[in-house]
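User: I'd like to learn how to read a few features off a fold. Can we go through them one at a time?

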Amino acid sequence: MSFDLKSIQLFTRIAALGQIGAAGREFRLSPTSATQRIKALENVLGTRLLNRSTRSVSLTPDGEAFLRHATNIVASMDEAYSELSGEAEVSGTLRVTSSATFGRLYIMPHLRRFMDLHPKLELELNLSDTVLDMVEGGFDLALRIGVLRDSQLLAKKLAPCRRVLVASPCYLEKHPPISTPADLSVHECLVDGYKNSWRFRHPDGREENVRVSGRFKSNIGEAFSAAALDGFGIAALSLWHAHEALKQGALRVVLPEVELLPDWNIYAVQTSTGHTPARVRVFREFMEAELKLQQPIWEEALR
């Protein structure tokens, strides 16, 4: 039994993109040639890897099982080539996704330095406030914020992501004082979609759930930040997002003695292939180092 490495590489890209034609173009293959390569790979393995339709393809159960091995094979060969050729520099294409606001504030300002450190690396950065499927999108790494729910992904915590309640001085001056979480029930609270409660941890460890409401809702932090600055009401924002406005006095912390739950963190997430390519590792380590430098700056806004 013999395997053609290029066909294995092609298979992993078809699995990521869901299209034979799109994956074939990356290898400068026509759809017919790409299809023939996959059929040859299936013949060698003695099983069908893909379910084919006129517009897209999906993995068969055997295809899903083979993908785990194929991904490791491709990554191992990339690293073996780099090591044996004496190539010290990371190369290839790195595909990363992140929320739009976080990416604009904390990825884009550092990209030039990262790319200068790795001149043979190509980077595709997808910024979206929608949580994208990593396999379907063909992403190597995702930077995600909050609480992770997908147990099939491998995650490394890069930094804590403390959240605070904030409001503008003009809003606080025009509305009743807030001394306990229960006071929030009569205030304009900027809530995320259908969520209608905030949970808190008091200094003594006691937890409290408070129903909140407001006339303004959104699904992205940037909208909450803008609305809070305009005096719409009280928003729950991450320190990385609110620290500048807090330092400038444009926003004030509400109920600083209690903590918002659940605890949030910033994670680097990848699919559970069992192997971390060098291009993924260097970007993850780079962002972890940058966020460690940022952490004291964020916390300073609370002093």
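Analyst: Sure. Let's begin with burial: a residue counts as buried when its relative accessible area is under 20%. Keep in mind that this is a predicted model.

User: Is W240 buried or exposed, then?

Analyst: W240 has a relative accessible area of 7%, so it is buried. Y106 comes out at 6%, so that one is buried too, and F102 is buried at 0%.

User: How many aromatic pairs are there in the whole structure?

Analyst: Nine turn up in a search of the whole structure. To sort a pair, look at the angle between the ring planes: under 30 degrees is stacked, over 60 is edge-to-face, and the rest are tilted. Take F102 and Y106: their ring centres are 5.4 Å apart and the planes make 40 degrees, so call that pair tilted. Both residues belong to helix α5 (residues 100-117), and their spacing of four residues is about one turn of the helix.

User: What about the rings of Y106 and W240?

Analyst: Those planes sit at 90 degrees with the centres 5.8 Å apart, so the pair is edge-to-face. Y106 is in helix α5 while W240 is in helix α9 (residues 239-248), so this pair ties together parts 134 residues apart in sequence. Add W298 and you have one aromatic cluster of F102, Y106, W240 and W298.

User: Which charged end sits over the ring of W264?

Analyst: That of R163, 4.2 Å from the ring's centre.

User: And what do the buried residues of α8 pack against?

Analyst: For a helix, list the buried residues, then see what they touch. In α8 (residues 221-229) the buried ones are A223, F224, S225, A227 and A228. They pack against β8 (189-192), β11 (217-218), β12 (234-238) and α9. Just past the end of α8, G231 has a positive phi of about 85 degrees.

User: How do I check the span of helix α10?

Analyst: Compare the expected span, 1.5 Å times one less than the number of residues, with the end-to-end distance. Helix α10 (residues 278-300) has 23 residues and should span 33 Å; its end C-alpha atoms are 34 Å apart, which agrees.

User: Where does α10 bend?

Analyst: At Q294, by about 30 degrees, with a proline, P296, following within four residues.

Key:
Residues are numbered from 1 along each chain as its sequence is written. This is a predicted model: local features need pLDDT of at least 70, side-chain atom pairs count only at pLDDT 80 or more; totals for chains, interfaces and linings use all residues. Side-chain values use heavy atoms; hydrogens and water are left out. Rings of Phe, Tyr and Trp (its six-membered ring) pair if their centres lie within 6.5 Å; planes under 30 degrees apart count as stacked, over 60 as edge-to-face and the rest as tilted. Helices (H or I, at least four residues) and strands (E, at least two) are DSSP runs, numbered from the N terminus. Buried means under 20% relative accessible area, exposed over 50%, partly exposed in between (1.4 Å probe, protein chains only). A charge sits over a ring if NZ of Lys or CZ of Arg is within 6 Å of the ring centre and within 35 degrees of the ring normal. Contact means heavy atoms within 4.5 Å. The bend at a residue is the angle between axes fitted to the seven residues ending there and the seven starting there.
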